[in-house]
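Morning, everyone. Let me put the model up, and then we'll walk through it.

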Amino acid sequence: MPDRLRRTSDLSWSEYRERAIDSVVLLPAGAHEQHGLHLPLDTDAFIAEALAARVAEAIDGLVLPCLAYGARSLARSGGGDGFPGTTNLDGGTLVALVRDVLREQYRHGVRRAVVLLGHGENDPFAIEGANLAAREVRDPAFRVLVIGWWHVVPDDMLASLFPEGFPGWDLEHAGRVETALMFALAPERVRRERIGSVDPVVAPAFTEVPARSGRVPSQGSLADPRGATADGGAQLVKAIVAGLVAAIEASFGPRGAARP
Ligand code: ZN
Ligand code: MN
């Protein structure tokens, strides 16, 4: 099936009606957020959408339009809100958005939905939105999986990507992994000449409100992006898609299985 027919936005209402009931429907949830000097503001959204398209291909699923804005960027995991372009949703806005989109899918027959996160800060709000949707529809047959692509990156792959030790997912913002993924998914969107070292400033694990300046490397990347390769990115994409498919099948049953 051509890629465009996996996007609900390309379907007519009657095509949607035919496919929605028996399909796993994926909602990519990204952000419009600084990603260092070398990656575009839509990096989290772009990666979530690209992975969702590949997962949909593998499981004969559908992809909803990406949520292009995300929850408030935190200094310790996204650089915070001090960088031009970072466009934060209030938590309640994202909760309501996820709740409404999921409930509307349910209203049209969808019973298995995946919120595929591309932005770490979305996680608690997407979970809350899914819970509120479930509470509204009051149908135990309606199942939602909320999952971030980083949840399924295999440990052995991290060990080989980071021989010096993995810095942790919070700091891996516009670092080696996201840069490698972008090299694999859209190399023309990476500013290679802007890839460099980052200031040795370590964002604290706690959260200051308002955030204090000087807690985040001035480049915006929280970890060093050097060492990212297209090859490494391609291996990551493959492993992540496999991991997401496995998680979806574990939650909803194998492909083609009847709905519960
Ligand atoms: Zn990111
Ligand atoms: Mn992010």
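What arrangement do the four donor atoms around the zinc ion (ligand 1) make? Before I answer, a caution: this is a predicted model. Now the answer. The arrangement is irregular, because the four donor atoms subtend angles of 52 to 142 degrees. To count as tetrahedral, four donors need all angles between 85 and 135 degrees.

Who are the donors? His35 gives NE2, Asp44 gives an OD atom, and Glu178 appears twice, through OE atoms. They lie 1.8 to 2.8 Å from the zinc ion. Along the chain, the spacing of these donors reads H-x8-D-x133-E.

Next, the second metal. Asp44 bridges the zinc ion (ligand 1) and the manganese ion (ligand 2). The two ions lie 3.5 Å apart. Asp44 sits in helix H2, residues 43-59, and Glu178 sits in helix H7, residues 176-185. So the pair ties together parts that are 134 residues apart in sequence.

Are those two side by side with solvent, buried or exposed? Asp44 is buried, at 2% relative accessibility. Glu178 is buried too, with a relative accessible area of 4%.Now the fold. The protein has eight helices and six strands. From the N terminus, the elements run α-β-α-β-β-α-β-α-β-α-β-α-α-α. The radius of gyration is 18 Å, close to the 18 Å that the globule rule gives for 260 residues, so the protein is as compact as a globular protein of that length. Its C-alpha atoms fill a box of roughly 50 × 40 × 30 Å along the principal axes.

Some overall numbers. Of the 260 residues, 50% count as buried. Take the contacts with a separation of 6 or more: 78% of them join residues 24 or more positions apart. The exposed surface is about 11,900 Å², and carbon and sulfur atoms supply 52% of that.

Last, the sheet. Which order do the strands of the open four-stranded sheet follow? The order is E2-E1-E5-E6, with parallel pairing. Strand E2 (62-63) and strand E6 (143-148) stand at the edges. Each has a single partner strand, so one side of each is left without a neighbour in the sheet. Strand E5, residues 112-117, runs parallel to E6, and six bridges join the two. One pairing to look for on screen: Val115 has Val146 in E6 as its bridge partner.

Definitions and conventions:
Residues numbered from 1 in each chain as written. Chains lettered and ligands numbered in written order. Predicted model: local features only at pLDDT ≥ 70, side-chain atom pairs only at ≥ 80, totals over all residues. Heavy atoms only, no water. Donors = N, O, S within 2.8 Å, 3.2 Å for Na, K, Ca; no water. Tetrahedral: all angles 85-135°; square planar, octahedral: opposite > 155°, others 65-115°. Buried < 20%, exposed > 50% of the residue type's maximum accessible area, 1.4 Å probe, protein only. Rg over C-alpha atoms; globule rule 2.2 N^0.38 Å. Contact = heavy atoms within 4.5 Å. Areas by Shrake-Rupley, 256 points an atom, 1.4 Å probe, with all protein chains shown as cover. Pairing = 2+ DSSP bridges.
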